[in-house]
Structures are given as structure tokens and as C-alpha cells.
Amino acid sequence: MAGEKTEKATPKKRKDERKKGNVFQSKEVVTVFSLIVMFYALKMMAPIIMVTLQNSMRDFIQLGAQQTQLTVADTRVYLIDVIIAFATTVFPLLLISGIVAIVLSGAQTRFIFTMESLKFKGSRINPLEGFKRMFSMRGVVELLKSVIKIIILGVVIYRVLSSELPLFPRMMDMEPQLAIVTTGNIIMSIVKSAAVIFVFVAAFDFGYQWWEYEKNLRMSKQDIKEEYKQQEGDPQVKGKIKERQMQQARRRMMQAVPNADVVIRNPTHFAVAIKYDAEKNSAPVVIAKGADNIALKIVEIAEANGIVVMENKPLARGLYDAVDLDAEIPERFFKPVAEVLAYVYNLKERERK
């Protein structure tokens with residue numbers, strides 16, 4: 001059926017949708033790889049974070065024991081110390097995670113920025129539309145992904161913790177720093193095991209999002225026809241415009257016939273009007289040509305204006321096929337055309353005498 005959306009989206013359709021902010025993107029890829037990078041960044045920065053936290057805790061505990069009075073100036077100093085501690089520990093992780101998210105999103109969307117997605121749309125607050133989205137194919141897939149991720153994470157945590165279970169009682173006798181390091185290693189074991197599986201989940205989501213994006217962009221044959229009409233114009237209108245242009249060109253051509261030096265004809269089928277101006281052109285120029293009724297009209301105008309009309313079947317046909325309107329004749333026609341023009345000039349000279 002013409003209304004079924006079975007055709008791939010055209011480049012114009014893709015461009016228009018992109019302007020609206022409708023671009024392909026897998027948020028699962030961004031989330032998974034951002035978390036993986038953040039955890040490994042946390043592992044690399046752990047020594048710096050540990051030292052910063054230890055120093056901060058030691059300083060604040062000492063202040064709590066020594067400070068008997070808190071002034072506004074002291075509060076300002078302590079607040080600056082807290083901000084510095086935050087910037088040293090948390091801010092780099094947030095910055096790395098943000099950069100990774102921006103790069104991955106930009107790689108998929110080609111760094112598009114549009115305000116269309118921020119415009120108010122009534123469908124976003126429509127309860128019926130909300131229910132449709134919840135129970136749509138996309139909603140079901142998102143629910144399945146969430147359930148699968150929870151199950152995967154639960155299984156991974158259970159397996160890692162069960163293998164490390166004998167270590168937990170011993171952690172009570174460890175120094176705090178060693179206990180934190182041990183806990184970090186356990187967390188990284190969970191991250192490594194979960195990351196391998198979540199990468200496959202992200203790959204599945206990437207493929208599904210691409211398939212759904214392409215499906216939503218599909219067009220019907222009628223849509224493509226309408227788009228073609230908008231781009232190229234209605235074929236009927238274009239036909240009328242072309243016909244009008246041809247009529248105007250034919251009118252200008254007929255007006256040029258009285259200026260010709262000679263008209264070469266193939267009795268009834270072809271006629272070619274030639275003019276040679278040595279000051280303007282290096283060779284004779286075809287100023288009018290036509291077949292059938294147009295040829296007869298060219299001959300009629302030529303005879304009415306006293307232009308010499310000569311019959312030469314091969315030359316008329318050759319010029320008609322090989323030379324465009326208002327173009328100089330090719331070299332291979334120089335000799336036969338020169339002979340014709342010489343005859344015409346001699347004829348006019350005798351008439352003047």
C-alpha cells in the first residue's frame with residue numbers, strides 16, 4: 001500500500017529530522033563506558049584521594065579539639081579548605097566522567113546542538129501518550145534491559161562476595177588503610193566482571209536503537225513523491241514552465257532568422273539558418289534551426305525577408321544534429337558552409353549590380 005512506510009529515509013528527511021534534534025543515540029553506551037572509565041579513574045586516583053581525605057580529617061579533628069570559638073572569618077577559611085578538598089577528590093572524577101559522556105554522545109550525534117528538543121510539547125504531559133510510551137515496544141525493551149542489568153549485577157556481586165566471604169572477618173583486624181584497599185579491590189573485581197557483560201548489553205542496545213531509529217525514519221512511497229514535488233516542483237507545473245521557456249526561445253530564434261545570411265534546408269524536414277560576422281566570430285554561427293513545422297516556419301520567414309534559402313540535404317541534416325543553437329559550426333563543416341556563403345555573397349553582389 002502507498003501509505004505503508006517501507007522506504008528508507010531520503011537525505012532530505014534525515015537532514016530535517018536532524019535539525020529537529022531527532023538523531024541516533026544509544027544512552028546505554030554512554031552510561032556503561034562512562035561508569036567503566038570513572039571506576040578505573042577512581043582506582044588510579046585512589047592514593048591521592050586517600051591522602052587528601054586523611055589530611056582533611058586529621059586537620060578538622062584537630063580543629064575540633066583546639067577551637068573554642070568559631071568566627072565568621074574562621075568559617076570562611078574552613079569552607080575554602082572543604083572546597084579545595086572536594087576539588088582535589090571528587091571534581092576530577094566528575095570532570096572525567098563528563099568528558100567521556102560528551103565525547104561518546106558527540107560521536108553518535110556528530111555534536112549536534114538544537115533548541116527544538118527544549119520546546120514545549122503537550123504530548124509530553126499527556127497521560128494517554130505517557131501510557132502509550134510505557135507499553136510500547138520501546139518501553140518493553142527498556143524494562144527488559146533494566147531487569148537484565150539488575151540480574152547481571154546481582155549475580156556478579158553474589159559470586160564475587162561469596163568467593164571473598166572468608167576475607168571479611170579478617171578485615172576487622174586489618175589497619176583501616178589496608179581494609180579500604182581490600183574493599184576497593186573487591187569493588188574493582190565486581191566492576192571488571194560486570195563491565196564485560198554490560199558491554200554486550202550496550203552493544204545490543206546500540207543495535208536496537210539503530211534499528212528503531214531507522215524504522216521511525218522510514219517513508220512511504222507517497223511521502224517520497226511529495227518530497228520530490230517540494231524539491232523539484234510539481235511535474236505538471238515544471239512541464240508548463242519548460243513549455244513556456246521553449247516557446248520564448250523559439251520566438252527569439254524566429255526573430256533572429258531575418259538577420260541570417262542563408263538558410264540551408266532539407267526540403268521539408270530540417271532547416272538551419274547561418275550567419276557569419278567576421279568581427280564577432282571566428283566561424284559561422286547557427287542562429288536558428290528546426291525540424292518539420294518549425295523548419296517550414298524558418299523557411300517562410302526567410303523567404304518573406306529576402307533571405308537566400310538553399311537546398312542541401314546532407315549539410316542541413318548534419319548541421320541540425322551536430323551544432324547547438326547560437327554555436328559556431330565545427331571545423332568539418334567549414335568547407336561546405338564556405339561554399340554556400342560564397343555562392344550567397346556572389347548572388348547578392350550580382351543583384352546589387
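Leaving aside its neighbours within four places in sequence, which residues is valine 337 in contact with? Keep that question open while you move through the model, which is a predicted one.

**Stop 1: the whole chain**

Show everything as cartoon. The protein chain holds 13 helices and six strands. Now colour by burial. Of its 353 residues, 28% count as buried. Contacts reach far along the sequence. Among those with a separation of 6 or more, 74% join residues 24 or more positions apart.

**Stop 2: helix 2 and helix 3**

Select residues 27-66 for helix 2 and residues 72-89 for helix 3. Their axes come within 9 Å and cross at roughly 165 degrees. The two helices are therefore roughly antiparallel. Helix 2 passes helix 3 in a left-handed crossing.

Turn on side chains at the contact. From helix 2, show Met45, Ile48, Ile49, Thr52, Leu53, Ser56, Phe60 and Leu63. On the helix 3 side they meet Tyr78, Asp81, Val82, Ala85, Thr88 and Thr89. Sorted by class, this contact has nine nonpolar, four polar and one charged residues.

**Stop 3: helix 2 and helix 4**

Keep helix 2 selected and add residues 91-109, which form helix 4. Here too the axes come within 9 Å, with a crossing of roughly 155 degrees. That makes helix 2 roughly antiparallel to helix 4. This crossing is right-handed.

Show the side chains again. Helix 2 brings Val29, Val30, Phe33, Ser34, Val37, Met38, Ala41, Leu42, Met45 and Ile49. Helix 4 meets them with Pro92, Leu93, Ile96, Ser97, Val100, Ala101, Leu104, Ser105 and Gln108. The class split is 15 nonpolar, four polar and no charged.

Now pick out Met45 and Ile49 of helix 2. Both are listed in the contact with helix 3, and both are listed in the contact with helix 4.

**Stop 4: the sheet**

Move on to the four-stranded sheet. It is open, with strand order 5-4-3-6 and mixed pairing. Which strands stand at the edges? Select 285-291, strand 5, and 308-311, strand 6. Each has a single partner strand, so one side of each is left without a neighbour in the sheet. On average, neighbouring strands are turned by 20 degrees against each other, direction ignored.

Next, select strand 4, residues 270-275. Strand 4 is mostly covered, with five of its six residues buried. Strand 4 and strand 5 pair in the antiparallel sense over six bridges. Step along the pairing. Alanine 271 has glycine 290 as its bridge partner in strand 5. Alanine 273 has alanine 288.

Add strand 3, residues 262-266. Strand 3 and strand 4 are antiparallel, over five bridges. They form a hairpin with three residues between them. Isoleucine 264 stands opposite valine 272 in strand 4.

**Stop 5: helices across the sheet**

Select residues 293-304, helix 11. Helix 11 lies across strand 3, strand 4, strand 5 and strand 6, running at about 125 degrees to strand 5. Then select residues 313-322, helix 12. Helix 12 lies across these four strands as well: strand 3, strand 4, strand 5 and strand 6. Helix 12 runs at about 100 degrees to strand 3.

**Stop 6: two aspartates with positive phi**

Zoom to aspartate 292, in the loop between strand 5 and helix 11. Its phi is near 55 degrees, a positive value in a residue other than glycine. Is aspartate 292 buried or exposed? At 44% relative accessibility, aspartate 292 counts as partly exposed.

Go to aspartate 326, in the loop between helix 12 and helix 13. Aspartate 326 has a positive phi of about 65 degrees, although it is not a glycine. At 59% relative accessibility, aspartate 326 counts as exposed.

**Stop 7: back to valine 337**

Select residues 334-352, helix 13, and find valine 337 in it. At 1% relative accessibility, valine 337 counts as buried. Now show its contacts beyond four places in sequence: Ile274, Pro284, Leu315, Leu319 and Ile329. Draw a distance to leucine 319, 18 residues apart from valine 337 along the chain. The two C-alpha atoms are separated by 9.7 Å.

Notes:
Residues are numbered from 1 along each chain as its sequence is written. This is a predicted model: local features need pLDDT of at least 70, side-chain atom pairs count only at pLDDT 80 or more; totals for chains, interfaces and linings use all residues. Side-chain values use heavy atoms; hydrogens and water are left out. Axes are lines fitted to C-alpha atoms, for helices over the stretch in contact, and angles run from 0 to 180 degrees between N-to-C directions. Angles under 35 degrees count as roughly parallel, over 145 as roughly antiparallel, 65 to 115 as roughly perpendicular and the rest as oblique. A crossing is left-handed if the near helix is turned anticlockwise from the far one by less than a right angle, and right-handed if clockwise. Contact means heavy atoms within 4.5 Å. Ala, Val, Leu, Ile, Met, Phe, Trp, Tyr, Cys and Pro count as nonpolar, Asp, Glu, Lys and Arg as charged, and the others, Gly among them, as polar. Two strands pair if DSSP finds at least two bridges between them. Buried means under 20% relative accessible area, exposed over 50%, partly exposed in between (1.4 Å probe, protein chains only).
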